[in-house]
Amino acid sequence: MPAVYDVLIIGSGTAGQTAAYRLKDKGLAVGLVEQDQRPGGTCALRGCQAKKWFYEGAETVARSRHLETAGITQPAIASWHQLRDAKNRFTGGVPQRTVDGLHKAGIDLIRGHARFTGSQTLSVDDRHFTAEAIVVATGAVPMPLPIPGAGLVIDSSAFLELAHLPERIVFIGGGFIAFEFAHFASRLGPSGTRCIILEAAPRPLGPFDAEMVARLSAASAEEGIEIRCNVAITGIERAGKEFIVTTADNQRVTADLVVHGAGRIPDFKDLDLAAAGIEASARGIRVDDRMTTSNPRVYAVGDCAATIQLARVADAEAQVAAEAIIARRTGQESHTAMDYSAVPATLFTYPQYAMVGKTEKALQEAATPYFKSSAHGLGWPTYRRVGLHSAAYKVLADREGQILGAHIIADNATGIINTFALAMQNRIPVADLHRQSIMTPYPSRESDLIYMLAPLLA
């Protein structure tokens with residue numbers, strides 16, 4: 001006989017754990033399936049948490065270099081392997097902390113590989129399970145590279161485990177991973193480190209605002225990061241200790257290391273979704289705003305769903321799915337739904353680039369009227385104090401003063417963009433946000449909001 005649960009969750013990452021704890025708190029019998037020998041998920045083990053150890057070091061080095069002419073006489077020098085070791089001291093404890101947390105909460109950890117055998121049933125290796133509801137939270141994996149010699153390329157996980165960085169690094173793809181890791185390498189690698197980003201599209205960072213990406217790219221170039229676009233890679237080969245990347249226009253780029261930075265794809269190919277009547281595409285598992293799949297008993301959350309691949313989005317989706325499951329059990333309708341209109345995203349480069357809402361191009365393509373406040377090369381004391389000359393912003397608003405989008409390049413773009421995100425989520429118009437921001441602690445990055453908003457008040 002199959003083991004019976006109220007809810008089965010596939011995946012022990014941030015989305016899976018968020019759903020599991022929420023449902024267990026409501027008294028449901030919850031089982032969590034994980035095939036990885038190290039439970040905890042990508043974010044904690046080799047993603048957003050892990051990379052932040054290197055970002056903090058890179059930011060310190062970058063800031064000290066920028067202040068060489070403003071009072072800092074000896075810029076910081078980083079040790080990549082010491083940062084890696086510090087990161088590993090954190091990530092090394094994640095699996096056991098995950099197991100202990102689940103056990104303490106009374107959530108059963110079921111180890112093995114899950115496959116659907118029906119609309120509400122799973123097999124995990126040679127064991128069989130059934131549940132009233134199932135939540136798929138299997139995350140994403142690096143996108144396969146259809147390039148001869150792709151086996152010579154390391155992925156982001158391996159990059160964060162390197163004992164040291166070489167001087168010449170090529171990144172394939174111009175997305176989040178490539179930009180962030182190139183900025184890490186330029187500050188944490190040996191003197192003279194040269195990073196080259198090879199992007200197939202006409203420009204990198206496609207979802208971001210083109211003008212702001214150009215400004216970030218210029219700031220990156222000043223740090224020895226070269227960005228080449230419209231590049232079709234035809235092969236990668238080893239030549240002694242070097243690697244040679246060839247392109248369709250007969251360029252040959254020589255490097256000491258080639259890194260996969262072309263993004264990640266939803267991970268569900270071994271789940272046999274068809275057996276449960278679950279529809280999916282290359283973008284991910286199709287879901288509605290309650291995270292319900294085409295099978296009303298199955299939900300998908302996090303990077304495996306056809307939504308936005310960000311850790312906090314995964315957490316929010318998991319909570320929405322949990323609320324939907326709880327409401328269904330009690331015969332009620334769930335009033336909690338996902339809204340992706342004001343999701344902030346941040347590139348942990350230095351300077352950071354953060355955005356929320358629409359890009360200027362998206363508004364133009366939709367023929368949406370808008371007003372704009374923008375500036376670059378900000379000379380405000382905020383940035384003069386830290387020697388940052390590449391700070392920039394762009395705020396877009398409609399005729400009623402509602403914020404449509406915001407884009408920030410700065411050393412604390414995360415804090416500033418969250419204020420704009422909250423304003424959008426709560427429909428606070430520009431005039432009210434300006435008034436409420438006047439008494440922001442001064443002088444701080446956030447206190448500059450009133451200067452960004454002032455041109456929109458006319």
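"Okay, a term to begin with: buried means under 20% relative accessible area, exposed over 50%, and partly exposed is in between, with a 1.4 Å probe and protein chains only. What we have here is a predicted model, where local features need pLDDT of at least 70, side-chain atom pairs count only at pLDDT 80 or more, and totals for chains, interfaces and linings use all residues. Residues are numbered from 1 along each chain as its sequence is written, and side-chain values use heavy atoms, leaving out hydrogens and water.

So, helix H4. Helices here are DSSP runs of H or I with at least four residues, strands are E runs of at least two, and both are numbered from the N terminus. H4 takes in residues 80-91. Which of its residues are buried? Trp80, Leu83, Arg84, Ala86, Lys87 and Thr91. They sit on the same side of H4, because they cover an arc of only 160 degrees around the axis, going by the directions from the helix axis to the C-beta atoms. On the other side, Gln82 and Arg89 are exposed. The buried ones pack against helices H2, H3, H5, H6 and H7.

Now the largest nonpolar core, meaning buried Ala, Val, Leu, Ile, Met, Phe, Trp, Tyr and Cys residues joined through side-chain atoms within 4.5 Å. This core has 70 residues, and Tyr353 is one of those touching the most other members. H7 gives the largest share, eight residues. Apart from this core lies another, of 50 residues, Val136 and Ala305 among them.

Last, Tyr353 again: leaving aside neighbours within four places in sequence, its contacts (heavy atoms within 4.5 Å) include Phe208, Ala345 and Ile408."

Conventions: The expected span of a helix is 1.5 Å times one less than its number of residues.
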